[in-house]
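Me: Could you take a close look at one helix in this model and walk me through how it sits against the rest of the chain? I'd enjoy a connected account.

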Amino acid sequence: MSEFLEDGKLWFNGKMVEWHDAKIHVMSHVLHYGSSVFEGFRCYKTVNGPALFRLKDHIRRLFDSAKIYRISVPFSKDIIEQACLDVVKVNNLQEAYMRPIVFRGYGSLGVDPQDTPTEVAVAALAWGKYLGDEAINIGVDVRVSSWNRARPNTLPAMSKCGANYMNSQLINLEAKADGYIEGIGLDANGHVSEGSGENIFIIRDNRIYTPPLASSILPGITRDCVIKLAEDFGYKVEETVIPRELLYIADEVFFTGSAAEVSPIKSIDRIPIGEGRRGPITEKIQKQFFGIITGEFEDKYGWLTPVN
């Protein structure tokens with residue numbers, strides 16, 4: 001699914017280094033406690049050259065995630081944004097998946113992280129369709145997971161933290177073991193939350209619903225794009241608590257995310273969604289989204305940052 005640029009370079013603690021020279025010590029705090037925050041977003045090949053998708057918004061969320069976990073980032077937002085652009089340039093990429101990460105390094109093994117330095121890296125890699133090539137046009141089969149999302153006031157869902165993604169791994173691995181492509185986590189109250197790495201939208205009777213932040217979801221940036229695009233088409237998007245059973249009687253359901261982009265769901269727990277394939281509203285939103293990120297449609301919201 002992903003391909004490392006092993007002959008390329010990445011940005012590490014303020015300078016470009018060879019891929020294989022970007023190393024940390026095995027006793028680094030992050031390896032033992034998951035003390036990292038990160039982002040994932042795409043560089044798209046557009047008609048005007050490579051461009052980063054919502055660069056400033058992703059770096060802002062990176063700093064928000066760090067603040068929640070009391071991690072002091074030793075570089076400014078501007079420097080990390082420029083590092084993202086420079087990584088694409090130095091590797092001569094037209095498209096890529098970007099991974100900025102901030103983590104606690106080597107210095108102390110105690111749970112108290114105050115004596116550990118903060119390290120920062122920005123890498124790019126080749127990454128195709130996150131849920132598979134058929135996911136965009138046909139849809140994927142998913143299940144509701146037996147694993148719930150973390151209860152509020154335990155692990156903060158609004159922070160994109162490495163430790164939080166152990167829960168995501170459980171959801172995803174369980175789904176794969178049972179023959180599904182992905183899983184859907186419920187929140188602590190049994191309401192729909194999100195996928196292992198995607199936000200979710202439900203459509204019924206031409207109304208679009210998506211879980212609120214209070215349902216233990218990450219405030220997705222592609223989620224925000226879809227809300228804007230749907231409203232541009234005249235659809236009402238309601239952020240509301242969603243009971244599990246609404247998934248089964250929905251006309252359409254789809255995932256969103258920087259990796260998943262806009263991916264329709266064709267069945268949940270072996271129950272066909274609508275006609276058992278991508279629905280018309282999902283397709284309309286997809287077409288507009290992909291038109292903007294490829295530069296074929298007007299980028300009226302300023303989502304693309306040109307690399308060159």
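Reply: Happy to. In this predicted model, the buried residues of helix H4 are Asn-167, Ser-168, Ile-171, Asn-172, Glu-174 and Ala-175. Looking down the axis of H4, you find these buried residues within an arc of 160°, so they line one face of the helix. The general geometry helps here: an α-helix has 3.6 residues a turn, so residues three or four places apart point the same way.

What lies over that face? The cover on the buried residues of H4 includes strand E9 (140-144) and strand E10 (182-186). Turn to the other side of H4 and you meet Met-166, Leu-173 and Ala-177, which are exposed.

The length of the helix can be checked too. H4 runs over residues 165-177, and at 1.5 Å a residue its 13 residues should span 18 Å; the C-alpha atoms at its ends are 18 Å apart, so the two values agree. Just after H4 comes Gly-179, with a positive phi of about 90°.

While you have the model open, there is one more residue to visit, away from the topic of the helix. Ser-28 sits in the loop that joins strand E3 (15-18) and helix H1 (29-33). Its relative accessibility is 0%, so Ser-28 counts as buried. The side chain of Ser-28 reaches the backbone oxygen of His-25 at 2.8 Å. Setting aside neighbours within four places in sequence, Ser-28 is in contact with Arg-104, Gly-105 and Tyr-106.

How values were computed: Residues are numbered from 1 along each chain as its sequence is written. This is a predicted model: local features need pLDDT of at least 70, side-chain atom pairs count only at pLDDT 80 or more; totals for chains, interfaces and linings use all residues. Side-chain values use heavy atoms; hydrogens and water are left out. Helices (H or I, at least four residues) and strands (E, at least two) are DSSP runs, numbered from the N terminus. The expected span of a helix is 1.5 Å times one less than its number of residues. Buried means under 20% relative accessible area, exposed over 50%, partly exposed in between (1.4 Å probe, protein chains only). The arc is that of the directions from the helix axis to the C-beta atoms. Contact means heavy atoms within 4.5 Å. A polar contact is a pair of N or O atoms within 3.5 Å; within protein, one must be able to donate a hydrogen and the other to accept it, and residues adjacent in sequence count only if both atoms are side-chain atoms.
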